[in-house]
Amino acid sequence: MNAYGIRCENDVKIAEVLLDDVLVRKTMENLDRMTEKGPMGVRRRLLSSSVRLSRNMSPSVHKMADHCVETLGVDIPLELYAYASPQFNAACFKPEDGRLFVIFSSSLLEAFDENELMFVMGHELGHHVYQHHDIPVGYIANGQQRVPASLALQLFAWTRYAEISADRAGAFCANELGAVAQALFKLASGLTSEKVVSFNLVEFLHQMDEMQAFDAEPGQGPPVEDWFSTHPFSPLRVKALQLFHQSGLMQDGGIGKAELEIGVQGLMGMMEPNYLEGRTEVAKIMGQLFIAGAIAVANARNGIGEQEIVVLKEFMGEGFSLDVLNIDKLIDTLPKRIKSVKEHASITQRMQVVRDLSVVARAEGKITDNELLVLYAIADGLEIPRSLVTHILDGDAGLD
Ligand SMILES: [Zn+2]
């Protein structure tokens, strides 16, 4: 098995669609033209702000890097850097002058043991091996140009699946589910000392089961969404990696790749705007709320113009006529639609709609106060914390 054989199928599929998109291509061409004039200065910045970890200075870290490079088939020279920070963090940059750069925070290097560090390193190198840096998510999301709503949602979904692929690359290098889960636990909690907390994989995964149990009872019980929105991804990632370790990709006689991908898609259902194509009753009312919400948000900006109509039509299919009259009517239906979704959809489904409306609003450019008020009103009505809205609007759009 090699790195390509374990890449997540939806990462491959959505990346193909994105690489065909006109705006994505144009942004890539612009970036290429900029780099033709000279390197973007990644290495210069790293050299001036971080410490290069030479083989002499850190033989053990280099030994781990060698293992990851070999396992994943990384084909260009690698430079490792460390920078001072109490936050656990690592990143990989798009190569420059034929060299690849991976950077670690000082606290991460000190607190993670060998296999945990190999997971983190393999994850970062995975982004390179799968050419994730080719798709300039950050540039597109933070650029000057408006991004069509459907593209914004697709980019958002893709980054989630790209992270799943990178996680698998990391797990492939670490080759020990316990260490992988422990690394994700450390990243999510910031806790490392065995004196205070001793990590337990079964119980960590149980937290996810409890979340799903809550989720299955709409309108019931104390909300867990606070926990979900501040740490949106970690338990899902561990679950997805558990499936990966149970698959034939990692052990003889494990579940097949198709079954693995179906399992992962089930988990990631929480993350995808697939309700827009959904055929269930709940998916329909979520889709209707999304449309009315998107119109209300756009209207709060500066009224619905020709451009907004083009955006909104993307979601409604051909033949949907949208004149000023039914725009007002649609906005009037908003409270009723919120109520209906509140009653019938689970917490994560409601979060999905709020999140997608926020992603679309962000894609339109700088958010106005009026738009924010509409987004907050929808979040309040669905009993989802407003922090989810601000998390999406202010968050980093790129890969982790
Ligand atoms: Zn990542």
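Here are some numbered notes on the sheet, the rings, the charged pairs and one surface patch in this structure.

1. A word before we start: this is a predicted model, so read each point below as a description of that model.

2. Let's begin with the sheet. Which order do the strands take? Four strands make up an open sheet, running β1-β2-β4-β3, and the pairing is mixed. At the edges you find β1 and β3, each of which pairs on one side only. If strand pairing is new to you, strands of a sheet pair through backbone hydrogen bonds, and they can do so parallel or antiparallel.

3. Both kinds turn up around β2. Strand β1 (residues 51-52) is joined to β2 by two bridges, and these strands run antiparallel. To find this spot, look for Val51, whose bridge partner in β2 is Ala82. Towards strand β4 (residues 99-105), six bridges hold on to β2, and here the strands run parallel. A good landmark is Leu78, which stands opposite Leu100 in β4.

4. Is strand β2 mostly covered or mostly open? Mostly covered: of the six residues in β2 (residues 78-83), five are buried. Keep in mind that side chains in a regular strand alternate between the two faces of the sheet. Two residues of this stretch, Tyr81 and Glu79, come up again below, and both are buried: Tyr81 has a relative accessible area of 0%, while Glu79 has 9%.

5. Now the rings. How many aromatic pairs are there? The count comes to three. One of them is Tyr81 with Phe101, a tilted pair with 6.3 Å from centre to centre and 55° between the planes. Tyr81 belongs to strand β2 and Phe101 to strand β4, so this pair ties together parts that are 20 residues apart in sequence. Phe101 also counts as buried, at 0% relative accessibility.

6. Another pair is Phe88 with Phe112, and this one is edge-to-face: 5.2 Å from centre to centre, with 80° between the planes. Phe88 sits in the loop between β2 and β3 (90-96), and Phe112 in the loop between α6 (106-111) and α7 (114-129), so the contact ties together parts 24 residues apart in sequence. Both rings count as buried, Phe88 at 17% relative accessibility and Phe112 at 5%.

7. Phe112 has a second partner worth a look. The charged end of Lys186 sits over the ring of Phe112, 5.3 Å from its centre. You can see a similar arrangement elsewhere, with Arg160 lying over the face of Phe156 at 4.7 Å from the ring centre.

8. Stay with Lys186 for a moment. Which residue does Lys186 form a salt bridge with? The partner is Glu116, with the closest N and O atoms 2.7 Å apart. This pair links distant parts of the chain, since Lys186 is in helix α10 (residues 177-189) and Glu116 in helix α7, 70 residues apart. Are these two charged residues buried or exposed? Lys186 counts as buried at 5% relative accessibility, and Glu116 is buried too, with a relative accessible area of 3%. The cut-off here is under 20% for buried.

9. The structure holds 15 salt bridges. As background, side chains of opposite charge can pair when their charged atoms come close. Among the salt bridges is the one where the side chains of Arg43 and Glu79 meet, at 3.0 Å from N to O. Arg43 is in helix α4 and Glu79 in strand β2, so to speak two distant parts of the chain, 36 residues apart.

10. Further along the chain, Glu383 and Lys342 meet through their side chains in a salt bridge of 3.9 Å, N to O. Glu383 is in the loop between α20 (369-381) and α21 (387-394), and Lys342 is in helix α18 (residues 334-344); the two are 41 residues apart. Lys342 counts as buried, at 19% relative accessibility. Back at β2, salt bridges that share partners join Arg43, Glu79 and Arg99 into one network.

11. Last, the surface. Which residues form a nonpolar patch there? They are Met34, Met40 and Tyr139, and together they have about 290 Å² of accessible area. Met40 is in the loop between α3 (22-36) and α4 (42-49). Its relative accessible area is 32%, which makes Met40 partly exposed.

Terms used: Residues are numbered from 1 along each chain as its sequence is written. Side-chain values use heavy atoms; hydrogens and water are left out. Buried means under 20% relative accessible area, exposed over 50%, partly exposed in between (1.4 Å probe, protein chains only). Two strands pair if DSSP finds at least two bridges between them. Patches are made of residues with over 30% relative accessible area and no salt bridge: like charges are joined within 9 Å, nonpolar side chains (Val, Leu, Ile, Met, Phe, Trp, Tyr) within 5 Å. Accessible areas come from the Shrake-Rupley method with a 1.4 Å probe; for residues, only the protein chains shown count as cover. A salt bridge is a side-chain nitrogen of Lys or Arg within 4 Å of a carboxyl oxygen of Asp or Glu. Rings of Phe, Tyr and Trp (its six-membered ring) pair if their centres lie within 6.5 Å; planes under 30 degrees apart count as stacked, over 60 as edge-to-face and the rest as tilted. A charge sits over a ring if NZ of Lys or CZ of Arg is within 6 Å of the ring centre and within 35 degrees of the ring normal.
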